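Colleague: I have a two-part question session in mind. Can we walk through this one together?
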Amino acid sequence: MLTLNHFLGLSALLFAVGLYGVLTRRNLIAVLISVEVMLNAVLINFVAFARYGDNVQGDLFALFIVAIAAAEVAVGLAIFLNVYKHNGAADTDVLRRMKQ
Amino acid sequence: METFSPSLVAFYLIGGAAVLLALFAVTAVNLVRATLGLAFSFFAVGGIFWLLGSPFLAVLQLVVNAGAIPIVTIFIVMMTRARSAKPSRPTSAVLALLVAIPLLVATLLFVPSPATGGLGTTQVTPLSVERLGVELLSQRGRESTLSDGSTLTSEAGTLIAFEATAVVLLVAFVGAILLAQRTPVTESSTERDTEKGLADADA
């Protein structure tokens, strides 16, 4: 039987995968991709709790997360373009120089 | 004894695909391939939403997360010729594993094993698109009549949040366009443009 725990386990796995990506990747787009994976893990959690408890708030939260994530990707990619134009590369090492 | 239901088989197939594709997206050196891996991982997560009885979110996941976001990302990758990512440093990979694996283990410890029951022994309650829409677009406590004649009292009341999200999206997209502009509009550049326009008019 398919239980809530299956979905929570899957969500935890996806979150760990995304976290690994955020910590290891050096390219900004790759970091953004990893963040998306983590966001998706959270989405699964929200929808799983909502459907097993039959309350609609979790689904609504998931809906809003999808909308805000779209906005986040748009702004993130625009920032990436700017960094790329400014430095000719878009690695996290380049951003480290912004401190100076 | 646990019965081996079709939905359980579907869950392991789709969930396994989602995790493996996410791993590929997170480790692939070629950024186009990583984005494609992300797209298919999102696709699989859409299937998970379907299994959870939320068809609207499944379709939304396919359209927005598996459709629009990878396309925009690939577009940016193509525009910048940043096709391949630098391979990660071994030290940071070890450090990331040292953070991610304990986090995973700690999280799974709080999830009781499916075999012993624990939290999730109840059934999934499917959510109709109509109910989701009524809850999304009405104020809290307002009664609405559904198409089958039953009345539904809204318990979420996210109408204002919905409108606010629309504004946030608009601001984000305008901001993204401004940020990504090739030449930022400054006073001196507009002055130069007008002078150039006047010179053209004289000639």
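Colleague: In what order do the elements of chain A run from the N terminus on?
Modeller: They run α-α-α-α. Chain A has four helices and zero strands. Helices (H or I, at least four residues) and strands (E, at least two) are DSSP runs, numbered from the N terminus.
Colleague: What should I know about the model and the numbering?
Modeller: This is a predicted model; local features need pLDDT of at least 70, side-chain atom pairs count only at pLDDT 80 or more, and totals for chains, interfaces and linings use all residues. Residues are numbered from 1 along each chain as its sequence is written, with chains lettered from A and ligands numbered from 1 in the order in which they are written.
Colleague: Is chain A a compact globule or more spread out?
Modeller: More spread out. The radius of gyration of chain A is 17 Å, and the globule rule gives 13 Å for 100 residues, so chain A is well over the rule. The radius is taken over C-alpha atoms, and the rule is 2.2 Å times the number of residues to the power 0.38. Along the principal axes, the C-alpha atoms of chain A fill a box of roughly 55 × 25 × 20 Å.
Colleague: How much of chain A counts as buried?
Modeller: 59% of its 100 residues. Buried takes 20 or more other C-beta atoms within 10 Å of the residue's own, exposed 12 or fewer, and partly exposed is in between; C-beta atoms are placed from the backbone. In chain B, 26% of the 203 residues count as buried.
Colleague: At what angle do helix 1 and helix 2 of chain A pack?
Modeller: About 165 degrees, with the axes 8 Å apart. Helix 1 spans residues 4–24 and helix 2 residues 28–53. Axes are lines fitted to C-alpha atoms, for helices over the stretch in contact, and angles run from 0 to 180 degrees between N-to-C directions. The two helices of chain A are therefore roughly antiparallel. Under 35 degrees counts as roughly parallel, over 145 as roughly antiparallel, 65 to 115 as roughly perpendicular and the rest as oblique.
Colleague: Which residues make that contact?
Modeller: Among them are A:F7, A:L14 and A:G18 of helix 1 of chain A, and A:V37, A:A41 and A:Y52 of helix 2 of chain A. Contact means C-beta atoms, placed from the backbone, within 7 Å. By class there are 18 nonpolar, six polar and no charged residues. Ala, Val, Leu, Ile, Met, Phe, Trp, Tyr, Cys and Pro count as nonpolar, Asp, Glu, Lys and Arg as charged, and the others, Gly among them, as polar.
Colleague: Switching to chain B. What does it contain?
Modeller: Seven helices and two strands. From the N terminus on, they run α-α-α-α-α-β-β-α-α.
Colleague: How do helix 1 and helix 2 of chain B pack?
Modeller: At about 155 degrees, with axes 8 Å apart. That makes them roughly antiparallel. Their contact divides into 16 nonpolar, five polar and no charged residues.
Colleague: And between the chains, how many residues does each give to the contact?
Modeller: Chain B gives 80 and chain A gives 61. On chain B, helices 1 (6–27), 2 (31–51), 3 (55–80), 4 (90–110), 5 (129–136) and 6 (159–180) each supply at least two residues. The chain B side has 52 nonpolar, 23 polar and five charged residues.
Colleague: At what angle do helix 2 of chain A and helix 1 of chain B pack?
Modeller: About 155 degrees, with axes 9 Å apart. They are therefore roughly antiparallel. A:I33, A:S34 and A:V37 meet B:A22, B:A25 and B:V26. Five of these residues are nonpolar, one is polar and none is charged.
Colleague: Where is A:D54?
Modeller: In the loop between helix 2 and helix 3 (57–87) of chain A. Phi of A:D54 is near 50 degrees, a positive value in a residue other than glycine. A:D54 counts as partly exposed, with 14 C-beta neighbours inside 10 Å.
Colleague: Last one. Is B:I71 buried or exposed?
Modeller: Exposed, with 12 other C-beta atoms within 10 Å. B:I71 sits in helix 3 of chain B. The C-alpha atoms of B:I71 and B:L109 are separated by 37 Å, and the two residues are 38 residues apart along the chain.

How values were computed. Two residues are in contact if their C-beta atoms, placed from the backbone, lie within 7 Å.
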